[in-house]
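Biologist: Thanks for sitting down with me. Could we go through this fold together, question by question?

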Amino acid sequence: AINDGEEVFVALDGVVEMHFKENDVELSTLLNTGDIFYATKGTEHVAHPKGEARVLVIESEGSI
């Protein structure tokens, strides 16, 4: 997904592998319980939970 605004992902429980693009380079990072991922406007990203996970996503109202 490419967000039209800023988004914040908080791993509440479990492990999530976050894939994202930065300067057209595909990268990934592991989010463990308590970790935070910040996606700026226009950042292409997708979350891949590793098994069961709970993630809090905070975005602007009306964001796609």
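Biologist: In which strand does Val 8 lie?

Modeller: First, a word on the ground rules: this is a predicted model, where local features need pLDDT of at least 70, side-chain atom pairs count only at pLDDT 80 or more, and totals for chains, interfaces and linings use all residues. Residues are numbered from 1 along each chain as its sequence is written, and side-chain values use heavy atoms, with hydrogens and water left out. Strands are DSSP runs of E with at least two residues, numbered from the N terminus. On that basis, Val 8 lies in strand S1.

Biologist: Is Val 8 buried, partly exposed or exposed?

Modeller: Buried means under 20% relative accessible area, exposed means over 50%, and partly exposed is in between, with a 1.4 Å probe and protein chains only. Val 8 has 24% relative accessibility, so Val 8 counts as partly exposed.

Biologist: How many bridges join S1 to S4?

Modeller: Two strands pair if DSSP finds at least two bridges between them. Strand S1 covers residues 7–13 and runs antiparallel to S4. Within this pairing, Glu 7 stands opposite Ala 39 in S4. The number of bridges joining S1 to S4 is 4.

Biologist: Along S4, which side chains point to the buried face?

Modeller: In a regular strand the side chains alternate between the two faces of the sheet. S4 shows such an alternation: Ile 36 and Tyr 38 point to one face and are not buried. Pointing to the other face, and buried, are Phe 37 and Ala 39.

Biologist: Why does the pair of Phe 20 and Phe 37 count as tilted?

Modeller: A search of the whole structure finds 2 aromatic pairs. Rings of Phe, Tyr and Trp (its six-membered ring) pair if their centres lie within 6.5 Å; planes under 30 degrees apart count as stacked, over 60 as edge-to-face and the rest as tilted. For Phe 20 and Phe 37 the ring centres are 5.2 Å apart and the planes stand at 55°, so the pair is tilted.

Biologist: Which parts of the chain does that pair link?

Modeller: Both Phe 20 and Phe 37 are buried, and together with Phe 9 they form one aromatic cluster. The Phe 20 and Phe 37 pair links distant parts of the chain, 17 residues apart: strand S2 (residues 16–22) and strand S4 (residues 36–39).

Biologist: Which residue forms a salt bridge with Lys 50?

Modeller: A salt bridge is a side-chain nitrogen of Lys or Arg within 4 Å of a carboxyl oxygen of Asp or Glu, and by this rule the count comes to 1. Lys 50 lies in the loop between strand S5 (45–49) and S6, and its partner in strand S2, so the pair ties together parts that are 33 residues apart in sequence. Lys 50 is partly exposed at 46% relative accessibility, whereas the partner is buried at 19%. With the closest N and O atoms 2.9 Å apart, that partner is Glu 17.

Biologist: What is the order of the strands in the open sheet?

Modeller: S2 and S5 run antiparallel and are joined by 5 bridges, and the bridge partner of Glu 17 in S5 is His 48. The open sheet has 3 strands with antiparallel pairing, in the order S3-S2-S5.

Biologist: How far apart in space are Val 8 and Glu 61?

Modeller: In sequence, Val 8 and Glu 61 are 53 residues apart. In space, C-alpha to C-alpha, the distance is 13 Å.
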